[in-house]
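Biologist: I would like to learn how to read a few features of this model. Please take them one at a time.

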Amino acid sequence: FSCPTDNTFNTETLTPAGKEGGPGRVFINGTSWPVIVVTKSKLTSPVINPVKLLHARLGHVAPSTLKAVVRTGLHTCITTTEQQISMQLPTGSCSTCTQSKQNRPTFHSQDQTWME
C-alpha cells in the first residue's frame, strides 16, 4: 500500500508511488503484523454506532443490561433495539471491557528462606 510521504520515517529508502499511488506518496512494504490504514478528509462524515455509544455512556455495562434498559423503555436519547444490541455488541467485542476485565498474572511464591 502507499501513504503520504510526510507520514513516513526514512522516506529516502522508500519507493515513490508515482502514477499508481499518486504524487507525494510512497509505497510501504508489508509488515509481519496486520495493518489497517484509516484516512480522514473534510469529506469524511463521522458515523457513530448507537449501540456502542450507549454501551460506553452507561459505563461499559454488559449487553444483557443494555437489553434490559431497552426492554424497560428507559429514556436514553439513543434509539436501539435488543436485536441490534445482540448483533452489534457480541460478548468480548469491546476492547476496553476486555482489557479491564483481564486477570493479572499469578505471582508465584519465591524461596522465602530469607524471612526465616
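Biologist: How much area does the chain expose, and what share do carbon and sulfur atoms supply?

Modeller: This is a predicted model, where local features need pLDDT of at least 70, side-chain atom pairs count only at pLDDT 80 or more, and totals for chains, interfaces and linings use all residues. Residues are numbered from 1 along each chain as its sequence is written, and side-chain values use heavy atoms, with hydrogens and water left out. Accessible areas come from the Shrake-Rupley method with a 1.4 Å probe; for residues, only the protein chains shown count as cover. The chain exposes about 9,900 Å², and 56% of this comes from carbon and sulfur atoms.

Biologist: What percentage of the residues count as buried?

Modeller: Buried means under 20% relative accessible area, exposed over 50%, and partly exposed in between (1.4 Å probe, protein chains only). Here 16% of the 116 residues count as buried.

Biologist: Which pattern does the chain follow along the sequence?

Modeller: Helices (H or I, at least four residues) and strands (E, at least two) are DSSP runs, numbered from the N terminus. The chain has five helices and two strands, in the order β-α-β-α-α-α-α.

Biologist: Where is histidine 60 found?

Modeller: Histidine 60 sits in the loop between helix H2 (50–57) and helix H3 (63–72). Its phi is near 60°, a positive value in a residue other than glycine. Histidine 60 is partly exposed because its relative accessibility is 27%.

Biologist: Is cysteine 77 buried or exposed?

Modeller: Cysteine 77 is exposed, at 67% relative accessible area. This residue lies in the loop between H3 and helix H4 (82–88), and cysteine 77 also has a positive phi, about 70°, without being a glycine.
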